[in-house]
Amino acid sequence: MSDRLADMRHIRFLLYEIFDVESLTQYEHFADHSKETFEMALETGYKLAREVFWPAYQPFDREGIHFKDGHVTTPAGMKEIWKQCKEGGWFAPGADYDYGGQQFPHLLTATTSYLFNCANTSAYMYVGSAAGAALLIEKYGTDEQKAEYLEKLYSGTWGGTMCLTEPQAGSSLGDITTTAVPENGHFKIRGVKRFISSGDHDLAENIVHPVLAKLPGAPPGVKGISLFLVPKYRLDGTYNDVATAGVEHKLGLRAQATATLNFGEKDDCHGWLLGAENRGLECMFALMNGARIHTGIQAVAGASAAYQCALQYTQERLQGRSVSSKDPSAEQAAIIKHPDVRRMLLHQKAFVEGNLSLLLFTAKLSDIRHASTDEAEQQRAHLLLEILTPIAKAHCSDGAFESIRLALQCYGGAGFCEEFPVAQMLRDNKVYSIYEGTNGIQAMDLLGRKVPMNGGEALRALIQEISETIDAARKLEPLKEMAQSVEDIQNTVAEVTMHLGAIGMSGDREMYICNASDYLDMFSAMVIGWQHLQMATAAQKALDAGSDDKDFYTGVVKTASYYCRRSIPKALAIATILKSNERTALDYEEAWF
Ligand SMILES: Cc1cc2nc3c(=O)[nH]c(=O)nc-3n(C[C@H](O)[C@H](O)[C@H](O)COP(=O)(O)OP(=O)(O)OC[C@H]3O[C@@H](n4cnc5c(N)ncnc54)[C@H](O)[C@@H]3O)c2cc1C
């Protein structure tokens with residue numbers, strides 16, 4: 001088991017040299033912060049991740065959660081983690097001072113969240129879920145609701161969830177049947193929610209459930225959904241008829257209580273409206289977009305931990321000899337010497353670094369959107385966030401699973417055994433392509449909504465950002481080929497978008513959407529290639545300036561070059577398929593399956 005979960009040198013490179021986290025202190029909201037406070041958060045966060053979350057990673061998986069007589073008990077040690085997060089202020093590092101938070105920029109809290117997720121996502125989800133519920137109240141609650149709930153959620157006194165899914169309504173939330181009937185200043189809630197993360201536990205005095213439900217006579221579909229605040233215990237301490245019907249037995253994240261909750265079994269569950277009537281999904285999406293990016297963080301964090309484990313293992317495990325050595329009595333080589341193992345390691349490194357860069361970029365965009373007073377700057381950040389969210393969710397999660405598959409492969413037979421942590425990492429990671437909107441739904445969101453949105457406004461903003469990076473890289477001789485490669489994929493994405501757009505305009509909607517997942521894969525190569533090019537430019541400049549940290553910066557440039565030479569050509573091949581009007585899946589009759 002590696003004691004290194006993430007490359008902190010690379011993380012600091014991203015924070016300070018690429019995204020200039022210190023520049024965010026120009027905004028009044030973050031003005032109290034400085035490199036010193038950022039470093040303190042990084043140091044203490046990584047220490048907590050490595051020394052508290054990480055040692056519990058495998059034991060929690062083996063023990064799982066316990067469900068008896070309608071109550072959930074978390075694995076031994078989870079209460080101590082919760083307590084340490086409370087004491088360290090890790091429930092609300094980004095929340096406003098008014099609610100007991102520390103007003104750190106999201107760029108910083110996304111990084112610390114990444115570190116906790118590198119160590120133990122099942123455990124960290126309990127902590128993060130409370131902040132998610134709080135965010136909704138902060139945004140849509142009345143002053144009274146804010147006063148009643150926020151401090152308790154942000155301090156870890158209470159836990160929180162997000163209740164959307166029902167047995168018959170997962171991807172299609174318009175079909176929810178949970179009802180909310182007005183009664184004496186509150187609403188009576190009745191219905192079943194399924195797969196609710198941190199849905200029940202023994203860590204907090206109360207659990208606050210934001211619940212999607214329908215009012216009597218509400219319009220059908222998503223336009224008739226409202227959002228309600230439903231605590232497990234009412235503010236006067238009485239039980240609010242929220243019963244845990246069971247917990248799932250899952251492939252991964254086994255220390256997480258993924259619960260089925262029955263609201264109003266005894267017809268005595270009270271809820272309070274959050275935001276406007278029939279605008280519930282819109283409100284929930286304020287949280288969901290952030291949650292989708294956070295899913296990318298969970299996924300890439302898992303890939304980072306797996307890569308660090310694989311890297312250490314391949315340096316220690318001896319097997320075979322160099323392909324160029326003909327002497328069978330020569331000493332065995334560490335497997336990292338073998339070309340195919342190096343290929344697998346480099347794929348993982350390029351994945352983790354490129355995708356973490358994208359995720360931290362989205363975190364910075366959300367800081368700008370939140371804190372800037374310049375309307376044009378805010379709007380630009382908003383557009384970029386909109387178009388990058390499906391990539392941050394879907395590409396990061398699909399790619400992380402593939403990256404961990406390679407980490408496991410580096411271990412050979414040992415990787416298949418639960419004694420080593422990579423098998424669990426692979427199991428844990430699978431869900432990220434499923435929850436927060438499956439990756440199929442993300443692809444449809446990108447091609448069907450985000451790309452054509454406002455006549456392609458978000459795509460144009462993105463292309464402009466990428467072009468600026470290409471121009472800057474071209475000025476550096478060693479990066480010319482790389483810059484050309486990113487320009488090639490950028491031009492190809494534009495071409496394919498026009499091609500598919502014409503199909504969409506012709507009215508063949510099924511054919512258009514049938515290409516969405518491949519389109520997202522191709523599009524992602526442009527985005528990640530751009531992130532690598534940006535990192536390579538900063539690294540090359542540091543090398544040209546005679547930096548002492550040659551190995552680090554050369555590694556960044558070479559990793560970018562690997563990505564441009566190995567991954568972008570594959571995306572160009574996808575473009576060929578997308579332009580070929582291939583439609584077998586549509587024409588294939590059900591009887592032929
Ligand atoms: C561990 C775990 C934790 C979760 N936590 C929460 C939580 O905290 N709160 C919560 O509310 N939910 C939670 N979920 C639920 C999760 O969000 C849903 O499982 C997910 O949205 C998919 O819904 P579904 O399972 O009903 O699958 P379905 O919607 O039945 O989808 C099955 C397949 O069909 C595809 N599909 C469905 N509709 C379409 C379409 N229109 N076009 C193309 N393809 C389509 C999907 O992409 C998928 O591949 C969690 C799930 C898991 C497994």
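## A walk through the helices

The crossing of α2 and α5 is right-handed, and that pair is a good place to begin. One thing before you click: this is a predicted model.

**Stop 1: α2 and α5.** Select residues 35–53 for helix α2 and 106–119 for helix α5. Their axes sit 8 Å apart, at an angle of about 15 degrees. Angles under 35 degrees count as roughly parallel, so that is how α2 lies to α5. Now show side chains. On the α2 side, pick Phe 38, Ala 41, Leu 42, Gly 45, Tyr 46, Ala 49, Arg 50 and Phe 53. Facing them from α5 are Leu 108, Thr 111, Thr 112, Leu 115, Phe 116, Cys 118 and Ala 119. Color this contact by class and you should get eleven nonpolar residues, three polar and one charged. Wondering about the spacing of those numbers? An α-helix has 3.6 residues a turn, so residues three or four places apart point the same way.

**Stop 2: α14 and α17.** Next, select 480–505 (helix α14) and 550–566 (helix α17). Here the axes come within 10 Å and cross at roughly 40 degrees, which makes the two helices oblique to each other. This crossing is left-handed. Met 482, Ser 485 and Val 486 are the α14 residues to highlight, and they meet Ala 560, Ser 561 and Cys 564 of α17. Four of the residues in this contact are nonpolar and two are polar, with no charged ones.

**Stop 3: α11.** Go to residues 422–429, helix α11. Is it mostly covered or mostly uncovered? Mostly covered: six of its eight residues are buried. Select Val 422, Gln 424, Met 425, Leu 426, Asp 428 and Asn 429 to see them. What do they pack against? Turn on α3 (57–63), α6 (121–140), α8 (280–316) and α10 (375–410), and you have the helices around those buried residues.

**Stop 4: zoom out.** Show the whole chain as a cartoon, and you'll have 19 helices and ten strands on screen. The radius of gyration is 24 Å, close to the 25 Å that the globule rule gives for 593 residues, so the chain is as compact as a globular protein of that length. Along its principal axes, the C-alpha trace spans about 80 × 60 × 60 Å. If you color by burial, 52% of the 593 residues come up as buried. To finish, try drawing contacts between residues at least 6 apart in sequence: 76% of them join residues at least 24 apart.

Terms used
Residues are numbered from 1 along each chain as its sequence is written. This is a predicted model: local features need pLDDT of at least 70, side-chain atom pairs count only at pLDDT 80 or more; totals for chains, interfaces and linings use all residues. Axes are lines fitted to C-alpha atoms, for helices over the stretch in contact, and angles run from 0 to 180 degrees between N-to-C directions. Helices (H or I, at least four residues) and strands (E, at least two) are DSSP runs, numbered from the N terminus. Angles under 35 degrees count as roughly parallel, over 145 as roughly antiparallel, 65 to 115 as roughly perpendicular and the rest as oblique. A crossing is left-handed if the near helix is turned anticlockwise from the far one by less than a right angle, and right-handed if clockwise. Two residues are in contact if their C-beta atoms, placed from the backbone, lie within 7 Å. Ala, Val, Leu, Ile, Met, Phe, Trp, Tyr, Cys and Pro count as nonpolar, Asp, Glu, Lys and Arg as charged, and the others, Gly among them, as polar. The radius of gyration is taken over C-alpha atoms; the globule rule is 2.2 Å times the number of residues to the power 0.38. A residue is buried if 20 or more other C-beta atoms lie within 10 Å of its own, exposed if 12 or fewer, and partly exposed in between; C-beta atoms are placed from the backbone.
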